[in-house]
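Please walk me through this structure as one would for a newcomer. I should like to learn how its features are read.

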Amino acid sequence: MVMMDRVAFRLILFGAFLISATSAPVEKKQNVDIYSFYINSTVSSRYATTIITSRVANKLSEPQEIQFEVKIPKNAFISKFRMIIEGKTYDGVVKKKEEAQQQYNKAVSRGESAGLIKSVGRTLEDFKTSVTVAANSKVTFELTYEELLKRRLGKYELLINAQPMQPVADFKIDVHIQENPGISFLEVKGDLNTGDLASAVKTTRADKDAWVTFYPTRDQQTKCTNCAENGLNGDLIITYDVNRGNPKGEVQISNGYFVHYFAPSDVPRIPKNVVFIIDRSGSMHGRKIRQTRSALLTILNDLDEDDHFGLITFDAEIDFWKRELLQATKANRENAESFVKRIQDRGATNINDAVLAGVDMINRNPRKGTASILILLTDGDPTAGETNIEKIMANVKEAIGSKFPLYCLGFGYDVNFDFLTKMSLENNAVARRIYEDSDADIQLQGFYDEVAVPLLTDIQLSYAGGKHLTKSSFGLYFNGSEIVVSGQITDNSVETFTTEVIAVSKGNNVMYQDTVMMKDASDVKPENEDFMQRLWAYLTVKQLLERQVLLKGKEQEDEKEEALQLSLKYQFVTPLTSMVVTKPQEGEVDVADKPKEGGESPRYPASQPRLVPYGRSGTPGFSHHHYITTSRQPGLHALPGLPGPPGPPDASINYARHPGGSHRAFLQEASVVPKDTFSFLGFDQHDVVAHSDLLLSSAVILPTHMPRRTLPKATSVAGLVPVSRFLLPAVGQSKPLCFDVPVPNKLKLLEDSASEFSMNGESTHRHNGFRRIALHYKSNHDLVIDKRSIKYNDGQNNVEFLWDQELTQHNAEGVSLILQSNELDITMGNIRIVVLLHKINGQVFLWPAVRQQPKDVVLAGILGKSDASYDEIQGSQPPSLKINNQEVKADLEDVKDYRLLSAPVIRCWLVSFQAVMKGDVSDFTVTKM
Ligand SMILES: *[C@@H]1O[C@H](CO)[C@@H](O)[C@H](O)[C@H]1NC(C)=O
Ligand SMILES: *[C@@H]1O[C@H](CO)[C@@H](O)[C@H](O)[C@H]1NC(C)=O
């Protein structure tokens, strides 16, 4: 199948050529072709911005409607949506909901189409729109959403759903996480990281950054579990945590905004008094009551010996396990277990009396230095005793008197979740929905785990000079969670910024005070400068909206207005705003709304006025083909985490030396080094500046004005032999290995004899990377890439592409080439490689990155191994590692990772070639490219 971008294609043909004649279509005929689908997620300090870009072609010779549908996390706000059709850009505009609605109603009254966001599952909501595209034309959809990742049970989770609705030749997910305190662990899970697809997941880690790429081949997209002719359907879930060296928390400042992340773990747990109030009304019948029993049994088992607990079950009547709170001794827990096993469903729902009984139980058993927690589990509305919701809330609020939190768990969709949310918020806690599903018991336990270890109570955070703070006082802080406060700093002249936290730990007052230098906390990369402001806005809007249920009258109106103004300013689609997308067809608009959180249900429609479902009036002569036919539920099952296979080894030009040696010594010896020598050796300016402190006595003119913090620490220098430095990720280690190969050389990079694939590279003579890379596949496909162009021959015809093009694709049997500016994406059979054309400080070179290779086999060539394993030998001098049971010398080095266009600096353990490759360089050279 051949697809070319007619606008951007600069094709040079050799000989008698007919690309279309060479194509051997294997896919089934489709009228719509998604020729690229990218998901790009950037996380800066927990704030995630994700951009989904889908480019679609109408292959019919008549106009047709093309639909774009994706699932985004419920917690996120959409902040941008655009369509590009025939060179024209149509941007969505966020407006006040009522205004948008008016515009929308006008369109609807004329019978025109409407896009909408609706909730689909536990964690995702659906965004859907469509546009009519002219014959043989294209449309690009681009959707951006933002969210602050929340720490739960010791980790953050970034969820990316991929369901492009058909196999896509150019499908990729790129994730970049930047965390200043450093990333302590990172794991890739989800059903896209299972089975055969797992080999398409590559992870690269540096101290403060991590990159995850997912580049499955088209073929793989049809063969995975859950995939079929409709292509991928699943989630990629990236979980991670950051280092917490400073118990006072982490402060970041940028452009007048700050954020403080506070999550100390150096405090002892506080014994708790916990009362479970369990609904056993008739509606809990069957699986729900079984799951509740099972969850309670596990929870009882997890109670700590110094905890006290109570159990109350209720329908119209209230039953107690014991009238008093009792200590969680083994005997008491066992006794409670038999009570739990006998819980049966019956009768009505008397929430009022049950909660009041729980409050009373805690009030009658005060214990100093403990944390009291009330947990209500219910699946329905109050139907017995006091049934007036307002009265119940008033009773409960008065009884609790802000002394401890009441968490409400709403089981299923029959509950009045608004009521539970409000009652929780009024009592310093939150409500959580337990979804009726096979894992409801695990959801219940998961909730309990989050509140199982209280560390601090009565937490107050304050910031001298901080204004417009988000919520800054909290009743309880639990181990594994995190307190986040953001605000503005109005006085820019101050040099330091002070944070102060006062709290109670096991009955004692504690204080955390920290002073950070403004400049230290402002180490934010320029491209991320406004993320902090957006983070502040995001958190402020979320909290203002949450508080709405608690407020009345003018205060409520004021806060609502504030949330609205912020939503408009930052173009967030929130419950108060809608995004209006004006389409090329005159007067046609789509409106995207934020669905009401928790109000949705597959069985019960959301209570908000629903937009008329998608469907448009017929325009004569328009075909209404819908290529999207499925509405499969996203796979949201928590899968056991499979460690993602790390990325392939790679190289960067450096200068050879023996591990364990010192480049400082070398530089001191070479006290006079002519500038030309450096450029001959391939030092780029970065390298020279990095060593400026060592080179003052030399003749080198140093561009000292260059910023230092972006520089790699060192580039090793020893003999005068230039080398390529390759990176090799290591299983379970945050630092990869690296090793050097002398240049120039013709190297065997990757060879898979099973699929008749090979890739060789000819390194440059004088500087980084490769000047030429040649790939061969089967007997007839040859691809030769140099710094000017890309030449492809399929046995009959030649095609040549020039670098720096707009998106251009060429597909033939088993081969796909996708070129976009300085990135060439190559798929040959089940191997996917990206060749990057780097232009760094006047040097131009090629770099190959293996994104996908057959699983569980080590291929031949320098990039054939996708990972290594090693152990650090503690205290060894010089430092050494244990690799394959051998002790080898190693040095910590910084190297640029040219597998990524940004070429970030990665710290690695430099070891000898032989130590990792189990052979000599000569075993990896070729004579013929
Ligand atoms: C992803 O998005 C970021 C921020 O917009 C951008 O800098 C980066 O180049 C993008 N990466 C890819 C692979 O498109
Ligand atoms: C808090 O959790 C961490 C792991 O997430 C654990 O190492 C630590 O012991 C816990 N603290 C307490 C007091 O349980």
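The dialogue below treats a sheet, a helix and a ligand in turn.

Q: What should be known about the model and its numbering?
A: This is a predicted model, in which local features need pLDDT of at least 70 and side-chain atom pairs count only at pLDDT 80 or more, while totals for chains, interfaces and linings use all residues. Residues are numbered from 1 along each chain as its sequence is written, chains are lettered from A and ligands numbered from 1 in the order in which they are written, and side-chain values use heavy atoms, with hydrogens and water left out.

Q: In what order do the 8 strands of the open sheet lie?
A: Strands are DSSP runs of E with at least two residues, numbered from the N terminus, and two of them pair if DSSP finds at least two bridges between them. Here the order is β6-β5-β10-β3-β2-β12-β15-β14, with mixed pairing. β6 (88–91) and β14 (201–205) are the edge strands, each pairing on one side only.

Q: In which sense do β12 and β15 pair?
A: β12 (residues 170–178) and β15 (residues 209–214) pair in the antiparallel sense over 6 bridges. H176 stands opposite W211 in β15.

Q: Which strands does helix α11 lie across?
A: Contact means heavy atoms within 4.5 Å. Helix α11 (residues 531–547) lies across β2 (32–44), β3 (47–58), β5 (77–85) and β10 (138–148).

Q: Which residues surround ligand 2?
A: A residue is near a molecule if one of its heavy atoms lies within 4 Å of it. For ligand 2, these residues are V267, R269, V453, L455 and N479.

Definitions and conventions: Helices (H or I, at least four residues) and strands (E, at least two) are DSSP runs, numbered from the N terminus. Axes are lines fitted to C-alpha atoms, for helices over the stretch in contact, and angles run from 0 to 180 degrees between N-to-C directions.
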